[in-house]
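User: Could you take a close look at the disulfide in this model for me? I'd like to see how buried or exposed its two cysteines are, and then how that part sits within the rest of the chain.

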Amino acid sequence: MLVMLGLLLAPAPAQAEFSGVDYTLTNQNEADFHGQNLANTSFAGASGRHANFAGANLHGAILTQAAFPEADFSGADLSDVLMDKVDFSGADFSGAVLTGVIASGSNFSGATVAGADFSEALIDRADQLQLCREAEGTNPHTGADTRLSLGCR
């Protein structure tokens, strides 16, 4: 009886905190996530061609080694997202917050970044120069100038 009582009162083992959903290695082509809370969610290795993330909260998400060509991230919160080696060709980041992202090795060719905030983002120099060619506007959420946040000259 005492052994059983001891088992009932023993503390549960600690578990890692993960608050997001796991979309790792899934097909999310044309999926509609607009306006959803996807903070700390993993889309690692996922495919999301034409996916709609407009106005979504992706703070702290993992998008590494994924493909989101022509996806809509307009007005989304992508702050502190790990997005290295991701295909964002033709994606729309208008008015998005990308502060503190790590986007090394990603492809932003043809991406729209009007009004996006890239403050403290880690982006390859070639991508930075490419994005600076089209960068304009001010982010409606943070007030940051897009060109200044990208470090454009």
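Analyst: Happy to. Let's start with Cys132: its relative accessibility is 10%, and since anything under 20% is taken as buried, Cys132 counts as buried. Its partner, Cys152, has a relative accessible area of 15%, so Cys152 is buried as well. Please keep in mind that this is a predicted model, and that every value here is computed from it.

The two cysteines are joined by a disulfide, with an S to S distance of 2.0 Å. In general terms, a disulfide is a covalent bond between the sulfur atoms of two cysteines. For Cys132 and Cys152, the torsion about the S-S bond is about -90 degrees, and the disulfide is therefore left-handed. The pair links distant parts of the chain: Cys132 belongs to helix H2 (residues 125–134), while Cys152 lies in the segment after helix H3 (146–150), and the two are 20 residues apart. The count for the model comes to 1 disulfide.

Now for the surroundings. The protein has 3 helices and 2 strands, and read from the N terminus these elements follow the order α-β-β-α-α. Of its 153 residues, 42% count as buried. As for contacts between residues at least 6 apart in sequence, 9% of them join residues at least 24 apart.

What does the interior look like? The largest nonpolar core has 39 residues, and the members that touch the most others are Phe73, Leu78, Met83 and Phe93. As a general point, nonpolar side chains in soluble globular proteins tend to be buried together. Leu78 is a good residue to click on: setting aside residues up to four places away in sequence, Leu78 touches, among others, Leu58, Leu63, Phe73, Met83, Phe93 and Val101.

Turning to the outside, the protein exposes about 8100 Å², and carbon and sulfur atoms supply 54% of that area. Part of the surface is a nonpolar patch of about 300 Å², made by Ile62, Leu82, Ile102 and Leu122. Leu122 is in strand E2 (residues 122–123), and with a relative accessible area of 48% Leu122 is partly exposed. Leu82 sits elsewhere, in the loop between helix H1 (2–9) and strand E1 (102–103); at 32% relative accessibility, Leu82 also counts as partly exposed. Beyond its neighbours within four places in sequence, Leu82 is in contact with Ala61, Ile62, Leu63, Thr64 and Ile102. The C-alpha atoms of Leu82 and Val101 are separated by 5.9 Å, although these residues are 19 apart along the chain.

Two backbone details are worth a glance while you have the model open. Lys85, in the loop between H1 and E1, has a positive phi of about 55 degrees although Lys85 is not a glycine. Glu120, in the loop between E1 and E2, has a phi near 60 degrees, again a positive value in a residue other than glycine. At 76% relative accessibility, Glu120 counts as exposed.

To come back to your request: both ends of the disulfide are buried, Cys132 at 10% and Cys152 at 15%.

Conventions:
Residues are numbered from 1 along each chain as its sequence is written. This is a predicted model: local features need pLDDT of at least 70, side-chain atom pairs count only at pLDDT 80 or more; totals for chains, interfaces and linings use all residues. Side-chain values use heavy atoms; hydrogens and water are left out. A disulfide is a pair of cysteine sulfur atoms within 2.5 Å. Helices (H or I, at least four residues) and strands (E, at least two) are DSSP runs, numbered from the N terminus. Buried means under 20% relative accessible area, exposed over 50%, partly exposed in between (1.4 Å probe, protein chains only). Contact means heavy atoms within 4.5 Å. Accessible areas come from the Shrake-Rupley method with a 1.4 Å probe; for residues, only the protein chains shown count as cover. Patches are made of residues with over 30% relative accessible area and no salt bridge: like charges are joined within 9 Å, nonpolar side chains (Val, Leu, Ile, Met, Phe, Trp, Tyr) within 5 Å. A salt bridge is a side-chain nitrogen of Lys or Arg within 4 Å of a carboxyl oxygen of Asp or Glu. A nonpolar core is a set of buried Ala, Val, Leu, Ile, Met, Phe, Trp, Tyr and Cys residues joined through side-chain atoms within 4.5 Å.
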